[in-house]
Protein chains: 2
Amino acid sequence: MTQQKLPDVAFMQRLAAAAAAETLPLFRSAALIENKDMDGFDPVTAADKQAEAAIRALIEREYPEHGIIGEEFGAVRQNASHVWIIDPIDGTRAFISGLPVWGTLVGLKVDGAARAGFMSQPYTGEFFVADGERSRLMRDGHSPVTLSTRKHHTVAEATLFTTTPALFGTGAMREAWDRLESKVRLSRYGCDCYAFAMLAAGFTDIVIDPGLKTYDIAALIPLIEQAGGVVTTMDGGTAINGGDVVAAATPELHAATLDIMNR
Amino acid sequence: MTQQKLPDVAFMQRLAAAAAAETLPLFRSAALIENKDMDGFDPVTAADKQAEAAIRALIEREYPEHGIIGEEFGAVRQNASHVWIIDPIDGTRAFISGLPVWGTLVGLKVDGAARAGFMSQPYTGEFFVADGERSRLMRDGHSPVTLSTRKHHTVAEATLFTTTPALFGTGAMREAWDRLESKVRLSRYGCDCYAFAMLAAGFTDIVIDPGLKTYDIAALIPLIEQAGGVVTTMDGGTAINGGDVVAAATPELHAATLDIMNR
């Protein structure tokens, strides 16, 4: 086990600010409205790359021995004890639709486990961060709030999110989703990383997203775990490498959810 | 035709502020986390009622001859030349899930037509307003921005929103939705009133929501029309009384959408 102190929240705030300088000017910009590219959504791809490059540059300068895995520029030193995992714009569809529910995700994996990370939403000024011990929402102009998941232990009490049920396909996985959805109090679609942040904050109880990559979830695992929740893949294993991800507000709710999904 | 001058934007801002004083303290509050009522979501219902009462009180004082229709307290003087139409919290599911995409909607109908109105999102500080001539986004700490819909005239270029495809049922209406969804560039679920505001702002091209009430749409019609868009029911009639609503960024796109839906 590595004994080294975790990078502090101030460093993660610098990473978020560097990313925001690249993403926020494009959000709701004329460049997006005028973009006619049917396939690439090119201005967003450019902002994505610039934001990841800015984050990587800061990490390389402060922690040159750490590894980095990013959505846009791949992996370096991924066998280091500390590896940063970056998704510069999670929720690209929300971003291009003008909705303030996308985020910049940066997680820190230490000896294979998700230990710290943040989701930053610069339009709303929200910075959801896990520092290794606790999760907090730090918002421009407001006092930090320590996050804690809601103690709804049963599926019947739960609010459930997924990005879109289309991700479950049409086979057994979709049947499992439909079975779960029929038992919850409320289900809702959309919102990508924002739904996971709301789970950490106590306003949503279950989030299920199939087919995630490591950079879609690495930052969100410590945010949820350090607020009291549980995140695994559908078979109960670690979600640090992505996969079909199930996050729940309590261990009891997580077990009940897996039980229904895997029945 | 009534010649009377429309109430000004400052008055609508006062309505929004009065509603925000009731809604914002509850948004992401401990009261919501602790609420165990499975049916009524009671704290939200209370905020809904208090916000509508505050709006109605201001209208009664300034414009006692105007009519009022509200989600929570029904109708008074609804045959007046001027009628205000209120939904204190549109997007209750977003509200209770902690997502900043709900809104307070107030529309003004004059001689039967939607002439002015606003959507207010107090957490993000956004105030989307139509004053009778133009639509603007006024945001705390930022200069007002005049809104204009995007000029994507074809369905193949369009981004499409609906609250959830479940609203279309399982019959011909769902087939019509699936047909349309298969032809667009991008489709997305969720977001209620916020999707209509993004259409007015040029970031989304088509929004379809079946089974709306007058208070779900009255405020949004002038916002979209005065930004260059078109809002009707599925059969091409006025949407001021609600119904199956189709909003599109341009007349051409609106015609093409109805054509596909009604084929």
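Colleague: By what turn and what shift along the axis can chain A be laid on chain B?

Modeller: Keep in mind that this is a predicted model. Two copies of a chain are related by a rotation about an axis and a shift along it. Here the RMSD after laying chain A on chain B is 0.0 Å, and the move is a turn of 180° with a shift of 0.0 Å.

Colleague: As by what kind of axis are the two copies related, then?

Modeller: Chain A goes onto chain B by a turn of 180°. The contact surface fits in with this, as 100% of the contact residues of chain A recur in chain B. The copies are thus related as by a two-fold rotation axis.

Colleague: Let's look inside chain B. Which strands stand at the edges of the eight-strand sheet?

Modeller: Read along the sheet and you get S2-S1-S3-S4-S5-S6-S7-S8 in chain B, an open sheet with mixed pairing. A strand at the edge has a single partner strand, so one side of it is left without a neighbour in the sheet. In chain B that goes for S2 (74–76) and S8 (145–146).

Colleague: Which residue stands opposite B:Leu137 in S8(B)?

Modeller: Strand S7 of chain B covers residues 135–139, and two bridges join S7(B) to S8(B). The two strands run antiparallel. Opposite B:Leu137 in S8(B) you'll find B:Val145.

Colleague: What angle does the direction of helix H6 of chain B make with that of S5(B)?

Modeller: Two helices to look at here are H1 and H6. Helix H1 (residues 9–23) of chain B packs on the sheet, touching S3, S4, S5, S6 and S7 of chain B, and its direction makes about 145° with that of S6(B). Helix H6 (residues 192–201) of chain B also packs on the sheet, where it touches S3, S4, S5 and S6 of chain B. The direction of H6(B) makes an angle with that of S5(B) of about 115°.

Colleague: Now a single residue: is B:Gln226 buried or exposed?

Modeller: B:Gln226 sits in the loop between helix H8 (220–225) and strand S12 (230–233) of chain B. Its neighbours in contact, leaving out residues up to four places away in sequence, include B:Ala130, B:Asp131 and B:Glu133. Buried means under 20% relative accessible area. B:Gln226 has 18%, so this residue is buried.

Colleague: Which residue's backbone nitrogen does the side chain of B:Gln226 reach at 2.9 Å?

Modeller: The side chain of B:Gln226 has a polar atom 2.8 Å from the backbone oxygen of B:Arg115. The backbone nitrogen reached at 2.9 Å belongs to B:Gly132.

Colleague: How many residues of strand S13 of chain B are buried?

Modeller: First, its partners. S13(B) is joined to strand S11 (residues 206–213) of chain B by six bridges, running antiparallel, and it pairs with S12(B) in the antiparallel sense over four bridges. B:Ala248 is the bridge partner of B:Ile206, while B:Ala247 stands opposite B:Val231. S13(B) is mostly covered, and of its seven residues the number buried is five.

Colleague: Which residues have the most contacts inside the largest nonpolar core?

Modeller: In soluble globular proteins, nonpolar side chains tend to be buried together. The largest nonpolar core of this model has 140 residues. To get a feel for one of them, B:Phe196 touches, among others, B:Val207, B:Leu212, B:Ile217 and B:Val245. The residues with the most contacts inside the core are A:Phe196, A:Ile208, B:Phe196 and B:Ile208.

Colleague: Over to chain A: what does the twist average from one strand to the next in the five-strand sheet?

Modeller: This open sheet of chain A has the order S10-S9-S11-S13-S12, with mixed pairing. Its edge strands are S10 (186–189) and S12 (230–233), each pairing on one side only. From one strand to the next, the twist averages 20°.

Colleague: And what is the relative accessible area of A:Asp111, a residue with a positive phi?

Modeller: A:Asp111 isn't a glycine, yet its phi is near 50°, a positive value. You'll find A:Asp111 in the loop between strand S4 (103–110) and strand S5 (113–121) of chain A. It counts as partly exposed, with a relative accessible area of 39%.

Note on methods: Residues numbered from 1 in each chain as written. Chains lettered and ligands numbered in written order. Predicted model: local features only at pLDDT ≥ 70, side-chain atom pairs only at ≥ 80, totals over all residues. Heavy atoms only, no water. Pairing = 2+ DSSP bridges. Contact = heavy atoms within 4.5 Å. Axes fitted to C-alpha atoms, helices over the stretch in contact; angles between N-to-C directions. Least-squares fit on C-alpha atoms with pLDDT ≥ 70 in both. Buried < 20%, exposed > 50% of the residue type's maximum accessible area, 1.4 Å probe, protein only. Polar contact = N/O pair within 3.5 Å; in protein donor to acceptor, adjacent residues only side chain to side chain. Core = buried A, V, L, I, M, F, W, Y, C linked by side-chain atoms within 4.5 Å.
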